[in-house]
Amino acid sequence: MRSWDSPAFPALPGRGPELRLYDTADRQVRPVTPGDRATMYVCGITPYDATHLGHAATYLTFDLIHRLWLDLGHEVHYVQNVTDVDDPLFERAERDGVDWRDLADEQTELFRQDMTALRVLPPQEYVGATEAVAEMVELVEKMVASGAAYVLDDEHPDVYYRADATLQFGYESGYDRDTMLALFEERGGDPRRPRKTDELDALLWRVNRPGEPSWPSPFGPGRPGWHVECAAIALSRIGTNLDIQGGGSDLIFPHHEFTAAHAECVSGERRFARHYVHAGMIGWDGHKMSKSRGNLVLVSKLRDQGVDPAAVRLGLLSGHYRADRFWSQQVLDEAQNRLHRWRAAAALPAGPDAGDLIRRLRRYLADDLDTPKALAALDGWTTDALEYGGHDAAAPRLVATAVDALLGVAL
């Protein structure tokens, strides 16, 4: 699947400290320690609707990581999927009277346009689920052969993963069983299905139902479950021991827990990823953004209204990536004002020395992506530049380069 065009990534002089991030499984901030080649897998969209600000905030989080790795001199292997075969897609296509494949293509293209406008660096590999079904079938075969998965019964030959197939299951989320069961049911699981060996067992292969697309497999024609998609794509494109598995915090359980378990039961590794990184939720009007509430703020709609995508980016970066937070007109107004001031300062013929500012930007961002401190540091330099001037003719352009490279905002 085609990714999107990459904005230029400018080089900055010097080098910042190594990145430290909060790890969901360890419940603490600790160093990220990639080799020369840093690897990251981030869960992509299910393309049945347009990109809202919750999606955007998640992909901006991993864009910052991508940028910091490049600034540190790492080669980055970043893989992202597109779940272009799933129930929400079929339901929306049936409602609108369109082919589900056409809907997926349309919404994926809109996502590309939104990411391009927000200046998000693209993944090196952008993989549709429909492109990787053979890899998923192979992974399911391995799980069945090892006893980590089973066919439900002859009458209902769907394939399920055994939640107890790895001793460490549950380590990523840290949730107790009652919480797991509640989230499993809320987020697409089927704990009440009869004949499963455990309520938490997760669907790996759904044998064909009338009106649904299907692919051949040793278990009969059908389609893959959700969690095995990401495990198969990550294993085939990156392999084991990837540096970061990431997504929104609503994916911690069941999706990321099962993705990791699927990979671990086949690879024998204790951990699928060295770091599990999750972005907080974005709300509007006191609630989490969701299609069911009808309170989505869409990136494409903001662009259509003439809002500068750089202001959208700054508004989302004004809060810490792990925090659940709310979008509002005030957040957007403050971001637009900040962008205007930064651009005015960057256009000055001279300004205060930029060296200390760039060191602080790198230090704040390396400390678990502390964007509020980074933005405050830039506000301080901007105020000094606009109110008191400076004698360094290279400083405004150097600051603009740093803001571009590290924060992805073009001044």
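## Helix α7 and the glycine after it

Right after helix α7 comes glycine 268, which has a positive phi, near 80 degrees. Keep in mind that you're looking at a predicted model here. As for α7 itself, it runs over residues 252-267, and its end C-alpha atoms sit 21 Å apart; at 1.5 Å a residue its 16 residues should span 22 Å, so the two values agree. Most of this helix is covered, with 14 of the 16 residues buried.

## Helix α1 and a hidden arginine

Now turn to helix α1, residues 53-71. Its 19 residues reach 26 Å from the first C-alpha to the last, close to the 27 Å expected at 1.5 Å a residue. Of those 19 residues, 17 are buried, so the rest of the structure largely encloses α1. Here too a glycine turns up just after the helix: glycine 73 has a positive phi of about 95 degrees.

One residue of α1 to look up is arginine 67. Is arginine 67 buried or exposed? Its relative accessibility is 0%, so it counts as buried. Leaving out residues up to four places away in sequence, arginine 67 touches a list of residues that includes Pro7, Phe9, Arg313 and Gly408. Arg119 and Asp404 are also among its contacts, and you'll meet that pair again below.

## A three-stranded sheet

Next, find the open sheet of three strands, ordered β13-β12-β14, with mixed pairing. The edges are taken by β13 (287-288) and β14 (325-327); each has a single partner strand, so one side of each has no neighbour in the sheet.

How do β12 and β14 pair, parallel or antiparallel? Strand β12, residues 282-284, runs parallel to β14, and three bridges join them. To spot this yourself, start at isoleucine 282, whose bridge partner in β14 is arginine 325. In general, strands of a sheet pair through backbone hydrogen bonds.

## Salt bridges across the chain

Side chains of opposite charge can pair when their charged atoms come close. How many salt bridges does this model have? The count comes to 36.

Take glutamate 109 and arginine 2, whose closest N and O atoms are 2.7 Å apart. Glutamate 109 belongs to helix α3 (residues 100-117) and arginine 2 to the segment before β1 (20-23), so this salt bridge ties together parts 107 residues apart in sequence. Glutamate 109 is partly exposed at 27% relative accessible area, while arginine 2 is exposed at 51%.

Another salt bridge joins arginine 20 and aspartate 367, at 3.4 Å from N to O. It links distant parts of the chain, 347 residues apart: arginine 20 is in strand β1, and aspartate 367 is in the loop between α11 (355-366) and α12 (371-388). Arginine 20 is partly exposed, at 35%, and aspartate 367 is partly exposed as well, at 36%.

## Back to Arg119 and Asp404

Remember the two contacts of arginine 67? Arginine 119 and aspartate 404 form a salt bridge with each other, their closest N and O atoms being 3.0 Å apart. Arginine 119 lies in the loop between α3 and β5 (125-128), and aspartate 404 lies in helix α13 (residues 395-407), so the pair ties together parts 285 residues apart in sequence. Arginine 119 counts as buried at 18% relative accessibility, and aspartate 404 is buried too, at 15%.

Salt bridges can also link up into a network, and here Asp23, Asp26, Arg30 and Arg271 do just that.

Note on methods:
Residues numbered from 1 in each chain as written. Predicted model: local features only at pLDDT ≥ 70, side-chain atom pairs only at ≥ 80, totals over all residues. Heavy atoms only, no water. Helix = DSSP H or I, 4+ residues; strand = E, 2+ residues; numbered from the N terminus. Expected span 1.5 Å × (residues − 1). Buried < 20%, exposed > 50% of the residue type's maximum accessible area, 1.4 Å probe, protein only. Pairing = 2+ DSSP bridges. Contact = heavy atoms within 4.5 Å. Salt bridge = Lys/Arg side-chain N within 4 Å of Asp/Glu carboxyl O.
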